[in-house]
Amino acid sequence: MMRNHDQPPAPTPRPVHLRPAYLGLAFLGGTLGTGIRYALTLVFPGSGHAMGAILAINLVGALCLGYLLESVGRRGDDVGTRRTVRVLVGTGVLGGFTTYSTLATNIVELLGSGRIWTGIGYALLTVVAGVIASGAGILVAVRTTTSVRNDERSAT
């Protein structure tokens with residue numbers, strides 16, 4: 001008969017990013033987010049307007065991601081429905097919706113066409129405004145979402 005301390009340790013669960021169910025959720029959400037982004041870029045045809053549309057898409061995505069991650073985190077640990085929402089909407093929809101690869105392509109095109117300062121400005125504007133948008137999303141979540149963690153602290 002084996003005693004408890006003689007048993008091999010229980011296997012550790014696979015990381016979330018290696019679990020097929022979560023990969024499927026991210027894929028599904030990414031497909032939806034990419035479709036939404038594509039539809040929006042069709043509304044703003046032409047290279048000048050398309051860059052503006054990509055900037056707006058990335059900033060809206062940063063705002064939404066800041067809000068989502070803060071509000072989900074305030075509601076409890078990253079398990080169950082909260083994890084599903086984070087992977088489906090955060091990694092999937094918002095990951096597919098935002099497009100930093102197109103941002104990089106636009107910057108290279110601006111720099112390659114001799115519009116150096118426009119390219120640098122576009123890059124800086126996107127990054128700085130993205131940080132601000134994400135921070136704004138976090139602040140909105142802090143002000144509108146009840147934190148389970150704060151309730152636990154005040155109960156002890």
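A residue is termed buried when its relative accessible area is under 20%, exposed when it is over 50%, and partly exposed in between (1.4 Å probe, protein chains only). The model is predicted, and local features need pLDDT of at least 70, side-chain atom pairs count only at pLDDT 80 or more, and totals for chains, interfaces and linings use all residues. Residues are numbered from 1 along each chain as its sequence is written, and side-chain values use heavy atoms, with hydrogens and water left out.

The structure contains 3 salt bridges, a salt bridge being a side-chain nitrogen of Lys or Arg within 4 Å of a carboxyl oxygen of Asp or Glu. One of them joins the side chains of R74 and E70, with an N to O distance of 3.7 Å. R74 and E70 lie 4 residues apart in helix α2 (residues 47-74), and therefore about one helical turn separates them. Helices are DSSP runs of H or I with at least four residues, numbered from the N terminus. R74 is buried, at a relative accessible area of 13%, whereas E70 is partly exposed, at 23%.

D78 takes part in a salt bridge with R83, in which the closest N and O atoms are 3.5 Å apart. The side chain of D78 also meets that of R86 in a salt bridge, at 2.8 Å from N to O. D78, R83 and R86 are thus linked in a network of salt bridges. Within this network, R83 counts as buried, with 16% relative accessibility. D78 is partly exposed, with 29% relative accessibility, and R86 is likewise partly exposed, with 22%.

A nonpolar patch of about 520 Å² is present on the surface, made by L111, I116, W117, I120 and L124. Patches consist of residues with over 30% relative accessible area and no salt bridge; like charges are joined within 9 Å, and nonpolar side chains (Val, Leu, Ile, Met, Phe, Trp, Tyr) within 5 Å. Accessible areas come from the Shrake-Rupley method with a 1.4 Å probe, and for residues only the protein chains shown count as cover. The most is given to the nonpolar patch by helix α5 (residues 116-144), with 4 residues. L124, one of the patch residues, is located in helix α5. The relative accessible area of L124 is 53%, so this residue is classed as exposed.

Conventions:
Helix = DSSP H or I, 4+ residues; strand = E, 2+ residues; numbered from the N terminus.
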